[in-house]
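Good morning, everyone, and thank you for making time for this. Please have the sequence and the three-dimensional view open while I talk, so that you can find each residue as I name it.

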Amino acid sequence: MGEKIVLIDGHSILNRAFYGVPDLTNSEGLHTNAVYGFLNIMFKILEEEKPDYLAVAFDLKAPTFRHKMYAEYKGTRKPMPQELHQQVPVIQDMLRAMEIPLLMLEGYEADDLLGTVSKRMEQEGLEVCVVSGDRDLLQLATEHIMIRIPKTKRTGTEIENYHTADVLEKYQVTPLQIIDLKALMGDASDNIPGIPGVGEKTATKIIAAYGSIENAYAHVEEIKPNKAKESLREHYALAQLSKELATINIEAPLEFELEEASMGVLYTEEAFELCKRLEFKNMLSRFECQGPVNRVSENFRKVSDLAEAEKIFETAAKAAHVGFELILAGKRVRGCALCFSEEDIYFIPAEGFISGAYLCGKIDMLLNETAAASTLDLKAQLPFFANHAREKLYDLALAAYLLNPLKDKYTYEDVAKEHMSMMIPSQEELLGRKGFEGAEDEKAVSDCACYIGYVAWAALEPMQKKLLDTGMDTLFREIEMPLVYTLHDMEREGIRVEAAALKQYGEQLIGRIGELETEIYAMAGETFNINSPKQLGVILFEKLKLPYGKKTKTGYSTAADVLEKLADEAPVVSRILEYRQLTKLKSTYADGLANYIAEDGRIHSTFKQTITATGRISSTEPNLQNIPIRMELGRLIRKVFIPKDGYVFVDADYSQIELRVLAAISGDETLIHAYREAQDIHRITASQVFHIPFDEVTDLQRRNAKAVNFGIVYGISSFGLSQDLSITRKEAAQYIEKYFETYPGIKKFLDDTVENAKKEGYVTTLFGRRRPMPELKAGNFMQRSFGERVAMNAPIQGTAADIIKIAMIRVNDRLKAENLKSRLILQVHDELLIEAEESETDEVKRILLEEMQGAAELSVKLEIDMHTGKSWYEAK
DNA sequence: GTAGTCACG
DNA sequence: ACGTACGTGACTACA
């Protein structure tokens, strides 16, 4: 068997991939789906063919000989969409990085280059495989040249293969006759004209019978049907032109050295970096076995001997810095990972003479002795530690979050990839879905732990440097790291919930839900699942023929704002709205929360520090940051949140923190002054914007001003404001214009922020937190506008988040420093809730006021509203 | 697993 | 012309 070469039709496969793979975008806003699909097809072919040589052909922009022959050639072809066009240089860079030669020649199309090279290679005795989405290439098929046409189907990519015989079988003509076929039937996609009145069926019959258009023309009188006969007679010249156009030139003057196409490693460092940038996670795993990266695992050691473990901890304490990770299986310590050099990478399992408690104690000690230590996800490990020095401790998951808050996970393999350019297997790959809890493969457990320890150690230096380079070092050390301990304290404390009262609340809802259900079915004339937007849509908009407003991807929208507009049209609508409200309260709050009440009668939510793009924290299992308050019925839920005996709740929230932050960081004199002057910022805004005396501002004017104030914080748009106020876009635009006239500093700040975001690719908060802004590089209006709003909002929301984080740390620390029994238990973005021992109430209030107000020194004073009560309901 | 909806700041 | 306010998490339905 001779050697084999694979030749790929670059544009054609890229095109096919573009339409076959759903849209993908990396965090820079680069579209990547076509590149991704291309590589997948290429790798699949390479795996199947295992060729000795590989090259990819591309068209150049310059006109080809076909343009000279036929002015309209490809003239009317649909231009490539921008999203695809962007990806052409990207795939070319990728192929170059993989050291695959690109075949390009001015005046020739990729087809011609493929034809030329495949014929030359065939002559040299090679097996040739040409990959294209374009059936034109079939004319090249021979015994030794196989044409492969990938088709994207639901089940994946299937590839049709054609040697001479396959073409004959499928098209009833020889490969070369494919050209004649095209000359008759034309090809819309290639702008080959063809002759009128002849389709695929007739063309095939004619060519099968006469062999070529020339011979067919010689026997034109015999041709049937009549329509084809006339057409051929009349348009023979056109058919000849088409034939020439469709003929692939196999003698292009292309310089091609076979040796350069020799299959190399493909997985070069450069290709790896590019894959990383494009965020091709799956693709990266192909690089896994390459290079030195995985050699670290040769130094992994499992240590089960107590004396040896002692020794390792001793050596670790003297190291420049140490990476560690307590390996947890649910509530059990399964061991610990320790790393302090490229050679010293250990997993110490909690078995035999080594107990979990021993390991926890050793790490606590180690942290007090060591110069610096790093780990991933410190908060998860804190329940197992007693006390240790905090200053030299680095949680690298947090560092990774600060460096790019847009990712959805910050696992060790992710950190390794991002910050060490290293591909290592993930926990799931090593241990399966259950992780350390279920894993029985001892070697895998040890390896996984060692990988974690190694990354915790090795990533510190590059990440520390990046934090310094990005100006986020202080934010990391003084806000995010200390906050870990604060959040852990809050999680451990939890909040007391009266189970019986919660149950009662739920039961009280059931009756009314049942009533509504009956009424809705009666009004609809049938029973259906009211909770199904799909079924509900059918009832409202088809059966009851109500006018539908918005449509969603899948059908009619039945969202509350749509239904509210229909409430007057049919009485069933308001019942549906009420039904929705009540079932929400029942399922999410009454029943939902009950499942989370722990043995101690309290709910311990988890606060997540690495989720939001803006720097806020989030709350899960359950989410205690979205307990109802706006509607009275929902608000009543808060009566079941109560302080423990002898305690009260003290609730403090920042008054309009985001708008104050905006006033301060924009430096707008008028707005800053307004905040110094007046209590009611929305009223004074109305007065200033509408040029009327403060006392004469109507409620409507105040409401409008308030909406504009909110809109500004969200990254204003006339459309959004018009929706909110139910006014026209024009009116909304006028409000905004007047607002900006009144507060020119705000306008300048927002404009500058967007401009700077476009230039730098990110925005920052007052404390240096960054949010990357990939959206702004995107071409389409929708995405770009979204990016602009985000750019305006992120510094505001983010700065407010920074401020309350500072306040939380200080409040929590001070409660402890003053030996108080009162504890911080909740944060709801601009609000802190403290469970205060009754006699400490005044001191707690003082601490809250001082630390919340003092968290940041702004040109606008931060005001705090405070309430106390015997339930969360009362304390608001 | 995704889409739609709705609770909060 | 395009068609959304910014940031989250939980629940239900449905493929």
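**From one threonine to the DNA strand**

Let me begin with a single residue, T204, whose place is in helix 9, the helix that covers residues 200-210. Before going further I should say that this is a predicted model, and that everything I describe today is computed from it. Is T204 buried or exposed? Its relative accessible area is 12%, and because buried means under 20%, T204 counts as buried. If we leave aside residues up to four places away in sequence, T204 touches Y171, Q172 and L181.

Let us now turn to the aromatic rings. A pair of such rings is described by the distance of the centres and the angle of the planes. A search of the whole structure finds 18 aromatic pairs. One of them is formed by Y217 and Y236, which are stacked, with 3.7 Å from centre to centre and 0 degrees between the planes. This pair links distant parts of the chain, since Y217 belongs to helix 10 (residues 213-218) and Y236 to helix 11 (residues 226-246), with their positions 19 residues apart in the numbering. Y217 is partly exposed, at 32% relative accessibility, whereas Y236 is buried, with a relative accessible area of 11%.

A second pair has another geometry: the rings of Y739 and F740 have their centres 6.2 Å apart and their planes at 75 degrees, and because an angle over 60 degrees counts as edge-to-face, that is what we call this pair. Y739 is buried, with a relative accessible area of 1%, and F740 is buried as well, at 15%. F740 also has a charged neighbour, for K747 lies over the face of its ring, at 5.3 Å from the ring centre. An arginine is placed in a similar way elsewhere, where R390 lies over the face of Y485, at 3.8 Å from the ring centre. Finally, F541, Y548 and Y556 form one aromatic cluster.

Next, a brief stop at helix 12, which runs over residues 269-278. Which of its residues are buried? They are A271, F272, L274, C275, K276 and L278, so please notice that a lysine is on that list. Just after helix 12 comes E279, which takes a positive phi of about 65 degrees.

For the last part, let us look at DNA strand C, which is surrounded by 36 residues, the closest being N529, S532, S618, E621 and R789. Of the atoms of DNA strand C that come within 4 Å of the protein, sugar and phosphate account for 61%. Two of those residues reach the phosphates through their side chains: an N or O atom in the side chain of N529 is 2.7 Å from a phosphate oxygen, and a polar side-chain atom of S618 also lies 2.7 Å from a phosphate oxygen. With Y714, by contrast, a backbone N or O atom lies 3.4 Å from a sugar or linking oxygen of the strand.

Several elements give two or more residues to this surface, among them helix 24 (533-543), strand 16 (618-620) and helix 31 (699-714). Which element gives the most? Helix 35 does, with 7 residues. By class, the surface near DNA strand C has 10 nonpolar, 18 polar and 8 charged residues.

How values were computed:
Residues are numbered from 1 along each chain as its sequence is written. Chains are lettered from A and ligands numbered from 1 in the order in which they are written. This is a predicted model: local features need pLDDT of at least 70, side-chain atom pairs count only at pLDDT 80 or more; totals for chains, interfaces and linings use all residues. Side-chain values use heavy atoms; hydrogens and water are left out. A residue is near a molecule or strand if one of its heavy atoms lies within 4 Å of it. A polar contact is a pair of N or O atoms within 3.5 Å; within protein, one must be able to donate a hydrogen and the other to accept it, and residues adjacent in sequence count only if both atoms are side-chain atoms. Helices (H or I, at least four residues) and strands (E, at least two) are DSSP runs, numbered from the N terminus. Ala, Val, Leu, Ile, Met, Phe, Trp, Tyr, Cys and Pro count as nonpolar, Asp, Glu, Lys and Arg as charged, and the others, Gly among them, as polar. Buried means under 20% relative accessible area, exposed over 50%, partly exposed in between (1.4 Å probe, protein chains only). Contact means heavy atoms within 4.5 Å. Rings of Phe, Tyr and Trp (its six-membered ring) pair if their centres lie within 6.5 Å; planes under 30 degrees apart count as stacked, over 60 as edge-to-face and the rest as tilted. A charge sits over a ring if NZ of Lys or CZ of Arg is within 6 Å of the ring centre and within 35 degrees of the ring normal.
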